[in-house]
Amino acid sequence: MNLNCFKWDQDADGIVTLTWDDPKRTMNVLSGETLRDIAAVIEKIASDEAINGAVITSGKQNGFCAGAALDEMESTASGAGAPKSEEERIRDRYNANLGFNLLLRKLETCGKPIVAAINGLALGGGLEVTLACHYRIVADNPRIQLGLPESKVGLLPGGGGTQRLPRLIGAAAALPLILQGNPSDPMKAKEMGFVHKVVPAEALLSEAKKWIKETPDAVQPWDKKGYKIPGGGPHAPGGSTTFTMGNALYRKTSFNNYPAQKFILSCVYEGLQVPIEAGLRIEARYFTKLLMEPASRNMIRSLFLSMQDLNKGARRPAGVPDAKVKKLGILGAGMMGAGIAYVSANAGMEVVLLDTSQEAADKGKAYSTGLLDGQIKKGRATEQKKTEVLGRIKATTNYDDLKGCDLVIEAVFENRDVKADVTKKAEAVLADSAIFGSNTSTLPISGLAEASVRPESFIGIHFFSPVDRMQLVEIIMGKKTGEKALAMAIDYVKQIKKTPIVVNDSRGFYTSRCFGTYVGEGQEMLAEGIAPAIIDNVGRMTGMPRGPLELADDVALDLAYKVREQTKKDLGDKYEPGASDALIETMVSKLGRFGRKNGKGFYEYPSEGKKRLWPGLSDIVSIKVTETDAELVEELRKRFLYRQAIEAARCFEETVVTDPREADVGAILGWGFAPWTGGPLSVIDTVGAKKFVEECDRMAQKYGKRFAPNALLRDMAAKGETFYSRFAPQKKAA
Ligand code: NAD
């Protein structure tokens with residue numbers, strides 16, 4: 001057969017081995033070309049009497065199939081290059097979705113036994129293809145991931161996943177897998193009942209062929225007479241509880257911000273009440289509807305496509321040869337230094353962890369021991385791995401140990417003089433080619449670089465806490481930072497498998513500056529007399545991970561106060577005072593309420609039980625708004641989102657950020673900006689610059705100049721531009 005993405009190999013028993021190996025991609029995905037191949041293959045298997053069955057496996061080292069080709073899907077959904085009406089685009093999309101579903105239906109009803117021999121990860125559409133096979137065997141490798149992660153990027157499984165998985169294992173077991181999108185390893189998948197057998201990798205093909213010979217008349221469970229949905233349908237006693245609870249849980253956890261989860265519940269609920277063909281139509285309809293939702297389009301763009309671009313080094317300067325960090329120095333073994341040491345040693349680097357005393361350095365190294373012990377307990381690491389990782393970390397006080405480091409990152413106290421001192425001491429032993437990074441969270445990089453004899457090799461590498469869990473690293477270019485330093489910083493972030501964004505030096509850089517506006521807006525609301533419970537609840541309803549007041553407590557109110565005082569001093573007349581300035585001053589300097597760290601902030605923290613709002617707040621602010629309605633909630637949500645978005649737009653105008661992908665991805669990963677929006681610039685693009693500017697003008701009148709649109713936004717509004725059109729990111733080949 002003439003196929004592009006599969007190899008066809010028919011044996012003497014009439015069993016075909018189809019090896020999926022897309023020559024144009026490093027990982028198999030469901031591209032248009034693949035689907036054309038699958039259609040041709042099914043036709044041949046169904047019609048050729050000499051064929052007795054087929055095994056589908058992968059020729060790729062790294063996986064079976066990673067799912068839909070989201071790059072193709074996004075360009076279709078956004079209508080790129082298609083001069084079609086909205087109605088035509090919807091119809092095309094629906095026909096394509098249904099077409100894929102009918103194709104897989106044809107596979108499972110082709111009359112010949114089909115086995116998926118899964119030798120690597122099968123995610124999303126990849127797993128859906130296997131669910132349309134009669135038998136699934138998986139290689140015995142705990143690293144293989146099997147799952148339907150579509151909801152994580154705002155999609156739903158559109159290849160029959162919402163219909164076949166619940167029909168296989170019941171709605172109660174299937175719904176959490178689909179709604180949360182977390183993958184299972186082969187053993188777990190077998191336990192749950194969506195794979196049949198786990199065998200050594202080398203036995204996959206022989207087992208598959210054996211099963212085909214033993215089961216010539218294979219049919220799917222739901223095509224057998226008398227089939228019953230495990231656990232019962234939506235109207236059976238257990239089934240109805242699943243859906244009422246599922247719906248309540250969806251509302252509680254997502255505040256109805258995520259259409260994908262809502263549509264998944266509908267697909268399963270409606271689909272299980274009808275025959276599978278009708279269920280597949282229902283799924284195709286919801287999938288189409290979802291693709292037309294801005295939330296899904298924005299999430300796919302930011303959480304998948306842009307993130308992938310940045311992870312591949314989209315912002316890496318071309319022409320600088322790849323640099324791998326083999327030996328890394330870390331100055332300061334405190335909270336951040338210890339975390340950086342762990343992630344780097346875990347990625348295979350030799351790490352020198354330096355502090356002022358051996359005790360402090362050892363304590364920093366012990367942090368890795370703790371993390372690894374925790375993983376061993378959960379079965380996620382072995383003693384051998386622990387020995388290897390710890391063996392790569394040298395805890396020391398001796399600067400000579402830094403000799404031979406390709407990169408040094410300082411994470412000492414946030415003090416200019418201490419930082420200058422360690423910079424000089426480290427540079428004295430480093431090779432000229434070494435790069436020096438600072439993990440400062442507030443001090444401008446260009447100023448810190450003044451202590452360096454090689455400012456072109458000095459760069460900001462700003463991690464987030466806790467380092468082992470936070471995905472983002474903000475790389476900051478000082479005025480004199482050169483391309484070599486940038487390339488090395490990006491290569492290093494890639495090595496530790498985190499996502500880099502590159503920003504220019506500025507007060508608070510990009511992330512801290514915009515994050516501060518969320519926390520600040522919550523305090524402004526409180527100073528206006530809005531009940532604190534309303535403020536934090538609406539913050540979470542907006543899609544932010546926590547309310548602004550509880551976050552302010554966590555960050556520390558005295559720190560926020562100090563930063564604000566410093567900003568006032570630095571900006572002089574240009575400082576815009578807010579209603580909350582006096583409130584914070586009272587909290588910190590009069591009442592000694594520093595936040596969670598001293599157990600006294602906007603909340604109080606009893607030694608037993610949960611934190612609760614501090615009742616004394618009503619003595620220092622006059623609370624006037626104690627009840628909400630839909631209109632107030634909408635207005636507060638808008639204030640939270642727009643306040644952060646306008647700051648991101650200002651950062652863009654000031655060239656603190658220069659690429660919309662970085663602004664959006666950095667916001668979601670850095671400070672938890674509502675993921676359903678796709679990021680702050682996606683908020684503006686989705687609302688439309690004109691409407692956004694009008695709303696901000698209204699809010700500036702009502703709440704203060706902090707909402708006033710900048711010149712860039714006004715220009716974009718006048719020209720009808722979006723961030724992603726005006727600053728279209730340059731796509732770099734993978
Ligand atoms: P920390 O107080 O936990 O650790 C600082 C460490 O530096 C201590 O172990 C201290 O002994 C050591 N140190 C001090 N002077 C030193 C010197 N001269 N030589 C060698 N070691 C020295 O602080 P941290 O929270 O880890 O923060 C470190 C840096 O990271 C700061 O610049 C901070 O602004 C930045 N940062 C912190 C966070 C955060 O959430 N904590 C986030 C991002 C960036």
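Student: How far is a backbone N or O atom of Val412 from an oxygen atom of the ligand?
Tutor: First the idea: a polar contact is a pair of N or O atoms within 3.5 Å. Here a backbone N or O atom of Val412 sits 3.3 Å from a ligand oxygen. This is a predicted model, where local features need pLDDT of at least 70, side-chain atom pairs count only at pLDDT 80 or more, and totals for chains, interfaces and linings use all residues. Residues are numbered from 1 along each chain as its sequence is written, and side-chain values use heavy atoms, leaving out hydrogens and water.

Student: Which distances do the side chains of Glu414 and Asn439 give?
Tutor: For Glu414, a side-chain N or O atom is 2.5 Å from an oxygen atom of the ligand. For Asn439, a polar side-chain atom lies 3.0 Å from a ligand oxygen. Next, cover: the ligand alone exposes 830 Å², and the protein buries 76% of that (accessible areas by the Shrake-Rupley method with a 1.4 Å probe).

Student: Which elements give two or more residues to the shell around the ligand?
Tutor: Elements are DSSP runs, numbered from the N terminus: helices are H or I with at least four residues, strands are E with at least two. In this shell they are helix H13 (335–346), helix H16 (416–429) and strand E15 (458–463). H16 has the largest share, three residues.

Student: Which residues come nearest to the ligand?
Tutor: A residue counts as near if one of its heavy atoms lies within 4 Å of the molecule. There are 20 residues around the ligand, and Met336, Asp355, Glu414, Lys419 and Ser441 come nearest. By class the shell has nine nonpolar, eight polar and three charged residues. For the classes, Ala, Val, Leu, Ile, Met, Phe, Trp, Tyr, Cys and Pro are nonpolar, Asp, Glu, Lys and Arg charged, and the others, Gly among them, polar.

Student: How many cavities of 30 Å³ or more does a search of the whole structure find?
Tutor: Rolling a probe the size of a water molecule over the atoms shows where empty space is left. On a 1 Å grid over the protein atoms alone, a cavity is a set of points where a 1.4 Å probe fits but cannot get out, and lining residues have an atom within 4 Å of a point. A volume is the space filled by probe spheres set on the points. The search finds two cavities of 30 Å³ or more. Their volumes are about 90 Å³ for the largest and about 40 Å³ for the second largest.

Student: What lines the largest cavity?
Tutor: The lining is Phe6, Leu18, Ile38, Val41, Ile45, Ala54, Ile56, Leu107, Ile114 and Val129. That makes ten nonpolar residues, no polar and no charged. Helix H1 (32–47) and strand E3 (53–58) each supply at least two of them. H1 gives the most, with three.

Student: How do the lining residues of the second largest cavity divide by class?
Tutor: Six are nonpolar, three polar and none charged. Among them are Leu127, Asn182, Ser184 and Phe194.

Student: What is the strand order in the open sheet of three strands?
Tutor: Two strands pair if DSSP finds at least two bridges between them. The order is E4-E6-E8, with parallel pairing. Strands E4 (63–65) and E8 (146–147) are the edges, each pairing on one side only. E4 pairs with E6 (residues 121–123) over two bridges. One bridge sets Gly63 against Leu121.

Student: How many bridges join strand E1 to strand E2?
Tutor: Five, and E1 (residues 6–10) runs antiparallel to E2 (residues 15–20). Lys7 stands opposite Thr19. The two strands form a hairpin with four residues between them, and Gly14 in the turn has a positive phi of about 80 degrees.

Student: Where is a cis peptide bond, and what is the phi of Asn256?
Tutor: Most residues other than glycine have a negative phi, and most peptide bonds are trans. Ser465 and Pro466 are joined by a cis bond, omega about -5 degrees. Pro466 is in the loop between E15 and strand E16 (472–477). Asn256 is not a glycine, yet has a positive phi of about 60 degrees. Its loop runs between helix H9 (237–254) and helix H10 (259–271).

How values were computed. On a 1 Å grid over the protein atoms alone, a cavity is a set of points where a 1.4 Å probe fits but cannot get out, and a pocket is an open set with protein on both sides within 12 Å along at least five of seven lines; lining residues have an atom within 4 Å of a point. A polar contact is a pair of N or O atoms within 3.5 Å; within protein, one must be able to donate a hydrogen and the other to accept it, and residues adjacent in sequence count only if both atoms are side-chain atoms.
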